[in-house]
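Trainee: I would like to take a close look at one chain and understand how its parts fit together. Could you lead me through it slowly?

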Amino acid sequence: MEKLYVNAIGPDGEVSTVGLFYSQPEAQKIVDMLSANSERTGYRYEIVEAVRHVLSEKDSLRTRS
Amino acid sequence: MADPVLAEMVHATGATESRHYAAVKPVIQAYRASWVKLAPFRDGPVNASRVTVNDPAAMTAQIKAKAMELGANLVGVCRLQPQMIDLGSEVSHEFVIACCVAEDYEKVLHGPDDVEEEAMRTYAKCTEISTAMAAHVRDLGYPAIAHHNGASEVQAIPIFYQVGFGELGRHGSLINERYGASFRPGFVTTDLPLVEDRPREFGVQDFCMNCNVCQRNCPGDAIPQDYVMTHGIKRWLIDLEKCYPYSRLREEYCHLCVDVCPYNVKSHPETYKALMKERKQVGYKTPKTY
């Protein structure tokens, strides 16, 4: 499965991770819902590959070997 | 199945239902039926004769005492904030009352069947408490809705953090200094005037940075080394694709990350030591039944 983070970027530029998602449509659905939320105006959203999880998998494998 | 990750993984095995959910015992079915039965009573008529609240602090103390009397182990109050409400849901109340019921740590260590039974027992108890509390608040003349396993529009962790029950741990659950992460939630949202509790930080996130015991014991390697930041709080995002083969695609429940958390040691020192000795003997990543 794909692993994707949805990040929220605040008006001040602070990046805050919304969560880990497992497909582009699932991540996009969250972005659409958040973007439609009137209490979150000023935020923009990005979907990025969950690279850090890939790194931790490698770390974990290294630990076990 | 509402969870798309689980649905995809189950379908990949050629099944139509998760083995874990398909194999439930009658006692578990009874607990599940109990919260389904109470779901229609989450909301109800509000007493037209409203009690005047001149002292919100006294009312908060009264509400907390009532919840404890009903069987809650912890009770807290905070303002309901947008991030606490499920995306796509609307809850217009001003406050949320959070209750939790702790699992019996001695019992959950007996094995997956006991873990699951204890989890369901505490979920059912939380359902009873939140339903009764919502009815009590409506009797006082204020709108109130219970949120529990039967039906809910709120998110447990941000509320638990805000009311000061604890901090988010590496295993993805909130850690309380007394109960570890072995507790279950129930909530009431309401407009009853109350006084807010505050978040309490007692070093969990710093401790988790160096501890790694849950990560070392996770059979699926689902707990990451690295964290992300969400509004200034560290979150270790559990990889469900790695967790589910042990927690949903087997018949047995997995609760190891919670069981091995060192925050259990304070209230159960001997039991915790015995568990960790056993974990070492079986190889840390071995599932609970082996």
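Trainee: Which domains does the domain assignment give for chain B, and where along the chain does each lie?

Mentor: Please keep in mind that this is a predicted model, in which local features need pLDDT of at least 70 and side-chain atom pairs count only at pLDDT 80 or more, while totals for chains, interfaces and linings use all residues. Residues are numbered from 1 along each chain as its sequence is written, and chains are lettered from A and ligands numbered from 1 in the order in which they are written.

The assignment divides chain B into domain 1 (24-190) and domain 2 (204-282), with bounds that come from an automatic or database domain assignment. Taken over C-alpha atoms, the centres of these two domains of chain B are 24 Å apart. Their contact involves 21 residues of domain 1 of chain B and 25 residues of domain 2 of chain B, where two residues are in contact if their C-beta atoms, placed from the backbone, lie within 7 Å. On the domain 1 side, the elements of chain B that give two or more residues are helix H5 (105-108), helix H6 (112-139) and strand S4 (167-168); helices (H or I, at least four residues) and strands (E, at least two) are DSSP runs, numbered from the N terminus. Sorted by class, that side has 8 nonpolar, 7 polar and 6 charged residues, with Ala, Val, Leu, Ile, Met, Phe, Trp, Tyr, Cys and Pro counted as nonpolar, Asp, Glu, Lys and Arg as charged, and the others, Gly among them, as polar.

Let us turn to the sheet. In chain B, 4 strands form an open, antiparallel sheet in the order S1-S2-S6-S3, two strands being paired if DSSP finds at least two bridges between them. Because strand S1 (74-79) and strand S3 (144-147) of chain B stand at the edges with a single partner strand each, one side of each is left without a neighbour in the sheet. Within the sheet, strand S2 (residues 95-102) and strand S6 (residues 183-190) of chain B run antiparallel and are joined by 8 bridges, and B:Cys99 has B:Gly186 in S6(B) as its bridge partner. Helix H4 (residues 56-69) of chain B packs on this sheet, touching S1 and S2 of chain B, and its direction makes about 140° with that of S1(B). H6(B) also packs on the sheet, where it touches S2, S3 and S6 of chain B at about 15° to the direction of S6(B). For these angles, axes are lines fitted to C-alpha atoms, for helices over the stretch in contact, and values run from 0 to 180 degrees between N-to-C directions. Helix H6 of chain B thus appears twice in this account, once among the elements of domain 1 that touch domain 2 and once packed on the sheet.
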